[in-house]
Amino acid sequence: MISLQNVSVRLRDKEILQDISFNIDDGKNLIILGKSGSGKTVLIKTMIGLFTPDKGQIRIDGINTSTGDKSAVNGVMQKISMVFQNAALIDSFTVFQNVALPLYEREQHTDAEIHERVVKCLELVGLLNVLELYPSELSGGMRKRVGIARALIYEPKYIIFDEPISGLDPVTADEILFYMSEIIRTQEITTITITHDLQNLKQIGDTILFINDGRSTYYDSIERFSNSSDPAVKEFIR
Ligand SMILES: Nc1ncnc2c1ncn2[C@@H]1O[C@H](COP(=O)(O)OP(=O)(O)O)[C@@H](O)[C@H]1O
Ligand SMILES: [Mg+2]
């Protein structure tokens, strides 16, 4: 379980996030919505330890990420995988090598184990047929799926998607949403997805956290979101 309690974050003397609280139980799928610049990316970067809260606390599986002992904090952070907006693949590596790279770096696995895991992860995003291709030979949607496969390689307990479909054409976006929903349905994985897209929320989530100007003004089910009386939510879904 991930739990944030009254978290505030200042960056360069500016209050970016104020008093954010929420819980994600194991197996749940949270969606973070909000206008551009509202603080969504800063929020998830704070959760993975790239920024430090100046107030409040973050607990991941019971470990306080600010005050917990270093090895315990490292341990829980390793359970979280991020899919950044830009998949950042290595151009001179094949799809297989790109996905396998994190495992080679850990030097804990045999080649056969690595092969098995890479194949499993690429299967989850429908890319078994492109193992030997290079990123330049793939479409934008396929590159994105390779990025997702790479994020799955450690069998993370938590996975965070930052705007997984923004900038994609509608057909490619649907494809990514399909694979995300399949992963959510078939894997024991807890997800956080930042998105602007209001169309397909139920495929990839159960709860919405809405951020407006660094503050959470809605934290409840997807079903009730459209009936929220919060002015910022009303403007957002208009
Ligand atoms: N490293 C940083 N240092 C200072 N300010 C930052 C930094 N990263 C983001 N910000 C500011 O924090 C605010 C929220 O940004 P961000 O979380 O990226 O918004 P979004 O909701 O679009 O993801 C913006 O005003 C942005 O300029
Ligand atoms: Mg962002």
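Colleague: Where does Phe-225 stand on the scale from buried to exposed in this predicted model, and how do I read that?

Modeller: Buried means a relative accessible area under 20%. Phe-225 has 3% relative accessibility, so the residue counts as buried.

Colleague: Which aromatic pair does Phe-225 form, and how do the planes meet?

Modeller: Let's start with the whole structure, where a search finds 5 aromatic pairs. In one of them, Phe-225 meets Tyr-218, with ring centres 4.9 Å apart and 75 degrees between the planes. Planes over 60 degrees apart count as edge-to-face, and that is the label this pair carries. Tyr-218 is buried too, at a relative accessible area of 8%.

Colleague: Which residues do ring pairs link into a cluster?

Modeller: Phe-225 and Tyr-218 are joined there by Phe-210 and Phe-236.

Colleague: Let's turn to a strand. What is Asn-29 in contact with, leaving aside neighbours within four places in sequence?

Modeller: Contact here means heavy atoms within 4.5 Å. Asn-29 sits in strand E3, residues 29-33, and has contacts with Ile-184, Ile-189, Thr-190, Thr-191, Ile-204, Gly-205, Asp-206 and Thr-207. With a relative accessibility of 7%, Asn-29 counts as buried.

Colleague: And for a helix, how far apart are Val-76 and Asp-61 in sequence and in space?

Modeller: Good pair to compare! Val-76 belongs to helix H2, which covers residues 70-77. In sequence, 15 residues separate Val-76 from Asp-61, while their C-alpha atoms are 7.1 Å apart in space. Beyond its neighbours within four places, Val-76 touches Ile-60 and Ile-63 as well as Asp-61. Val-76 is buried, its relative accessible area being 4%.

Methods:
Residues are numbered from 1 along each chain as its sequence is written. Chains are lettered from A and ligands numbered from 1 in the order in which they are written. This is a predicted model: local features need pLDDT of at least 70, side-chain atom pairs count only at pLDDT 80 or more; totals for chains, interfaces and linings use all residues. Side-chain values use heavy atoms; hydrogens and water are left out. Helices (H or I, at least four residues) and strands (E, at least two) are DSSP runs, numbered from the N terminus. Buried means under 20% relative accessible area, exposed over 50%, partly exposed in between (1.4 Å probe, protein chains only). Rings of Phe, Tyr and Trp (its six-membered ring) pair if their centres lie within 6.5 Å; planes under 30 degrees apart count as stacked, over 60 as edge-to-face and the rest as tilted.
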